[in-house]
Amino acid sequence: MHTAVSTRDGILVTRQGAHPVSHVVGRRSEGPAAIDPAGRTVVTAEGVLIDVATGGRRQGLQGEDLLSTAVFSPDGRYLVAADTQGRLTLWDAGGQHRIAVLAAADSTVERPALAFSADGSPLAASRYDGSVHVWETESPRLAGATPPTGDGPVLAIGFTPGARELRMATAHLPLRSARLAPDRAAADVCARAGGATREEWRRYLPDVPYRKTC
């Protein structure tokens, strides 16, 4: 596990474990928004991606405001970022290609709780109204699910192995679980509506490649 925190000298990157190893990257004025699971790349609040080993820098996340928080997917494919205007976007892990705008400015909390599943497929984020929204990263422009969360703002979220459940912590409910079970939901939908034809797919999902749904 790796962590990245701001210090007066730059960004202190630490590899946790029995023998922790730390060193400073970046500039004094820069603060980290996220570090990838392998500890190779730090993304700053300004959207600069820093190579931890070499100190090399490249600008990413073009068009975003100052970042309040960001998270890399565990499988190394994606980066989700929230800016200080409340905008939430999904990027490739290199920060060069914006895949989708998940939430427009002012539609989510400034510093939402964010979580990917272990395989990077579902992505969850807390919202301004205290709810949590879940997207599929393979189809991020499709409307996702909003599982019940209880009362109060969501403080932390995370997926169980296999993404069968979403765990949520709130100020009033230390832990709440919502079953996702997408295979069961898909079976129910197919039983009610049947599969979409190619013509229906082109009409309602023109930007998504056709695939058999049922």
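This is a guided walk through the fold, the core, one small sheet and the salt bridges of the structure above.

The model is predicted, so local features are described only where pLDDT is at least 70 and side-chain atom pairs only at pLDDT 80 or more, while totals for chains, interfaces and linings use all residues. Residues are numbered from 1 along each chain as its sequence is written, and side-chain values use heavy atoms, with hydrogens and water left out.

Let us start with the whole protein. It holds 2 helices and 17 strands; these are DSSP runs numbered from the N terminus, with H or I of at least four residues for helices and E of at least two for strands. Of the 214 residues, 41% are buried. Here buried means under 20% relative accessible area, exposed means over 50%, and partly exposed lies in between, with a 1.4 Å probe and protein chains only. The accessible surface is about 11,800 Å², and carbon and sulfur atoms account for 51% of that area; the areas come from the Shrake-Rupley method with a 1.4 Å probe, and for residues only the protein chains shown count as cover. Taking contacts between residues at least 6 apart in sequence, 31% join residues at least 24 apart, where contact means heavy atoms within 4.5 Å.

Now to the interior. In soluble globular proteins, nonpolar side chains tend to be buried together. A nonpolar core is a set of buried Ala, Val, Leu, Ile, Met, Phe, Trp, Tyr and Cys residues joined through side-chain atoms within 4.5 Å. The largest such core here has 14 residues, and those with the most contacts inside it are Val80, Leu88, Leu90, Leu102, Phe116, Leu123 and Trp135. Two or more residues come from each of β9, β10 (88-92), β11 (98-103), β12 (114-116) and β13 (122-126), and β11 gives the most, with 4 residues. Leu90 is a good place to look around: beyond its neighbours within four places in sequence, its contacts include Val80, Leu102, Phe116 and Leu123, along with Tyr78, Ile99 and Pro140.

Phe116 also leads us to Ser73, a residue in the loop between β8 (67-72) and β9 (78-83). Ser73 counts as buried because its relative accessibility is 0%. Setting aside neighbours within four places in sequence, Ser73 touches Pro37, Tyr78, Phe116 and Gly120.

Next comes a small sheet. Three strands form an open sheet in the order β12-β13-β14, with antiparallel pairing; two strands pair if DSSP finds at least two bridges between them. β12 and β14 are at the edges with a single partner strand each, so one side of each has no neighbour in the sheet. On average, neighbouring strands of this sheet are turned by 15 degrees against each other, direction ignored; the axes are lines fitted to C-alpha atoms, for helices over the stretch in contact, and angles run from 0 to 180 degrees between N-to-C directions.

Within the sheet, 3 bridges join β12 to β13, and Ala115 stands opposite Ala124 in β13. On the other side, β13 and β14 are joined by 5 bridges, and Leu123 faces Trp135 in β14. These two strands make a hairpin with 5 residues between them, and Gly130 in the turn has a positive phi of about 90 degrees. β14 (residues 132-136) is mostly covered, with 4 of its 5 residues buried.

Finally, the charged side chains. Side chains of opposite charge can pair when their charged atoms come close. With a salt bridge taken as a side-chain nitrogen of Lys or Arg within 4 Å of a carboxyl oxygen of Asp or Glu, the count comes to 7. One of them joins Glu30 and Arg57, at 2.5 Å from N to O. Glu30 is in the loop between β3 (21-25) and β4 (32-35) and Arg57 is in strand β7 (residues 57-59), so the pair ties together parts 27 residues apart in sequence. Glu30 is buried at a relative accessible area of 6%, whereas Arg57 is partly exposed at 34%.

Arg77 takes part in two of the pairings described here. With Asp75, the N to O distance is 2.5 Å; with Glu138, the closest N and O atoms are 3.0 Å apart. The Arg77 and Glu138 pair links distant parts of the chain, 61 residues apart: the loop between β8 and β9, and the loop between β14 and β15 (154-159). Arg77 is partly exposed at 36%, Asp75 is partly exposed at 30%, and Glu138 is exposed at 54%. Elsewhere, Glu64, Arg87 and Arg98 are joined into one network by salt bridges that share partners.
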